[in-house]
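Reader: I have a chain in front of me and want to learn how to read it. Where do we start?

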Amino acid sequence: MYFRRLFLLVTEQCDSRCTLCDYWLIKRPKVIDPELVERRVAPFIQKNGLSVVCVSGGEPTLHPELPRIVRAVREAGASATLTTSTSQLEEHFDGLRSLVTHYLISLDGPDRDTYLQSRGVDLFDHVLAQVDRVRTETSAEVAISCVLQAGNIEKLRPLVALCLKIGVHRLFLRVPDLKPGAFGRAGDPRPRTRQQALVSPEQVEQLRADMAWLTQNADAQHLLGQSPRDLARKVKYFDCIAQGQPYEEEDQLCDVPLTSLVIQSDGAARPCFYLPQTQALNEDPAEGPAFREVYERLLNDTGFRRAWCNACQQFDGHKRSIGA
């Protein structure tokens with residue numbers, strides 16, 4: 001197996017209150033031991049020649065030894081992308097300054113009220129200040145990640161204008177993931193989570209018009225990290241929600257579970273954020289039963305692909321038609 005990237009979930013703790021996510025509801029959140037990263041994860045990165053490591057959570061800046069963890073990743077030879085709300089970034093900034101190569105910063109609205117409604121905390125001004133500091137004091141690339149939902153789906157053009165104003169390098173548009181077990185859930189999404197994802201047919205038509213505008217606006221085209229096809233898939237996703245229908249794609253194969261590794265906060269490994277199979281981090285995870293099951297079912301089980309991967313939009317650009 002050829003691993004290309006690793007996702008490192010350093011903590012399940014989170015101080016945002018996003019309705020679409022349950023990490024902040026976990027009663028006893030797990031926190032990864034930095035020694036495990038140094039002793040087992042970093043050698044695995046080096047042995048397999050992994051060049052991309054994404055450090056995430058929960059909210060990773062809540063880990064008290066985050067710079068130590070990122071330093072182990074960089075010394076193993078990989079780049080480090082930090083996915084963060086920036087809530088506690090100031091506490092670690094000096095230690096991370098020369099280590100983080102890419103920031104993926106959550107910003108689910110172009111103004112304070114929309115941000116507060118989407119994320120449940122008043123951090124909008126703080127996020128903008130942290131983006132400015134990263135841009136002016138480091139050489140890291142900065143991308144914004146926005147989860148489209150009922151409360152912000154009509155604010156897409158102001159969000160693009162804000163991203164251009166603050167000078168970020170990329171904007172990635174996401175959709176809510178409602179699969180069981182995703183984003184810290186113990187089972188199916190809560191009713192409030194489903195409600196936050198529910199949009200009206202009128203909002204879908206506005207999103208369709210905004211996506212068309214994005215593909216025609218030169219500045220927006222330069223900013224977006226997604227193709228017109230990927231943007232059209234997001235319109236289709238919300239159209240299905242508005243019509244009360246399940247979102248489905250043509251049968252495709254996603255390469256992320258075949259080429260990636262997720263290390264959870266408890267040290268266990270899984271092939272993808274959004275698949276339930278988990279096992280201990282062994283010398284060669286690809287040979288473990290959970291990974292072998294995923295590989296077998298991804299390649300040979302149409303029902304598995306449709307249920308788990310073809311209904312997922314979290315990794316744009318990583319799918320191809322079967323037989324292609």
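Author: We go from the whole chain to its ring pairs, then to two single residues. Keep in mind that this is a predicted model.

Reader: How many helices and strands does the chain have?

Author: There are 13 helices and ten strands.

Reader: How do I judge the radius of gyration against the globule rule?

Author: Compare the value with what the rule gives for the chain length. Here the radius of gyration is 19 Å, and the rule gives 20 Å for 324 residues, so the chain is as compact as a globular protein of that length. Along the principal axes, the C-alpha atoms fill a box of roughly 50 × 50 × 40 Å.

Reader: What share of the residues is buried?

Author: Buried means under 20% relative accessible area. In this chain, 54% of the 324 residues count as buried. The accessible surface comes to about 14,100 Å². Carbon and sulfur atoms hold 48% of that surface.

Reader: What do the contacts say about sequence separation?

Author: Take the contacts with a separation of 6 or more. Residues 24 or more positions apart account for 70% of them.

Reader: And the charges: how many side chains are positive and how many negative?

Author: Count both sets, then compare their centres. The chain has 39 positive and 42 negative side chains. The centres of the two sets lie 2 Å apart.

Reader: On to the rings. How many aromatic pairs are there?

Author: A search of the whole structure finds ten. For each, read the centre distance and the angle between planes. In one of them, the rings of Phe7 and Phe315 have centres 5.7 Å apart and planes at 55°. Planes over 60 degrees apart would count as edge-to-face, so this pair is tilted.

Reader: Where in the chain do Phe7 and Phe315 sit?

Author: Phe7 is in strand β1, residues 5-9. Phe315 is in the loop between α13 (302-309) and β10 (319-321). The two are 308 residues apart, and their pair links distant parts of the chain.

Reader: Are these two rings' residues buried or exposed?

Author: Phe7 has 7% relative accessibility and counts as buried. Phe315, at 16%, also counts as buried.

Reader: What about the rings of Phe291 and Tyr295?

Author: Their centres are 6.2 Å apart and their planes stand at 75°, so the pair is edge-to-face. Both residues lie in helix α12, residues 289-300. They are four residues apart, about one turn of the helix. Phe291 and Tyr295 are both buried.

Reader: Which residues do ring pairs link into a cluster?

Author: Phe7, Phe183, Phe273, Tyr274 and Phe315.

Reader: Now a single residue. Where is Val142, and what does it contact?

Author: Read the element, then the accessibility, then the partners. Val142 is found in strand β5, residues 141-147. At 1% relative accessibility, Val142 counts as buried. Beyond neighbours within four places in sequence, Val142 is in contact with Tyr103, Ile105, Val131, Val134, Arg135, Val168, His169 and Arg170. The C-alpha atoms of Val142 and Cys54 are separated by 14 Å, with their positions 88 residues apart along the chain.

Reader: One more: where is Ser87, and which residues does it touch?

Author: Ser87 sits in the loop between β3 (79-84) and α3 (89-96). At 10% relative accessibility, Ser87 counts as buried. Leaving out residues up to four places away in sequence, Ser87 touches Asp15, Glu59, Thr61, Leu123 and His126. Cys14 is 73 residues away from Ser87 along the chain, and their C-alpha atoms are separated by 9.3 Å.

Key. Residues are numbered from 1 along each chain as its sequence is written. This is a predicted model: local features need pLDDT of at least 70, side-chain atom pairs count only at pLDDT 80 or more; totals for chains, interfaces and linings use all residues. Side-chain values use heavy atoms; hydrogens and water are left out. Rings of Phe, Tyr and Trp (its six-membered ring) pair if their centres lie within 6.5 Å; planes under 30 degrees apart count as stacked, over 60 as edge-to-face and the rest as tilted. Buried means under 20% relative accessible area, exposed over 50%, partly exposed in between (1.4 Å probe, protein chains only). The radius of gyration is taken over C-alpha atoms; the globule rule is 2.2 Å times the number of residues to the power 0.38. Contact means heavy atoms within 4.5 Å. Accessible areas come from the Shrake-Rupley method with a 1.4 Å probe; for residues, only the protein chains shown count as cover. Lys and Arg count as positive and Asp and Glu as negative; His and the chain ends are not counted. The place of a charge is taken as NZ of Lys, CZ of Arg, CG of Asp or CD of Glu.
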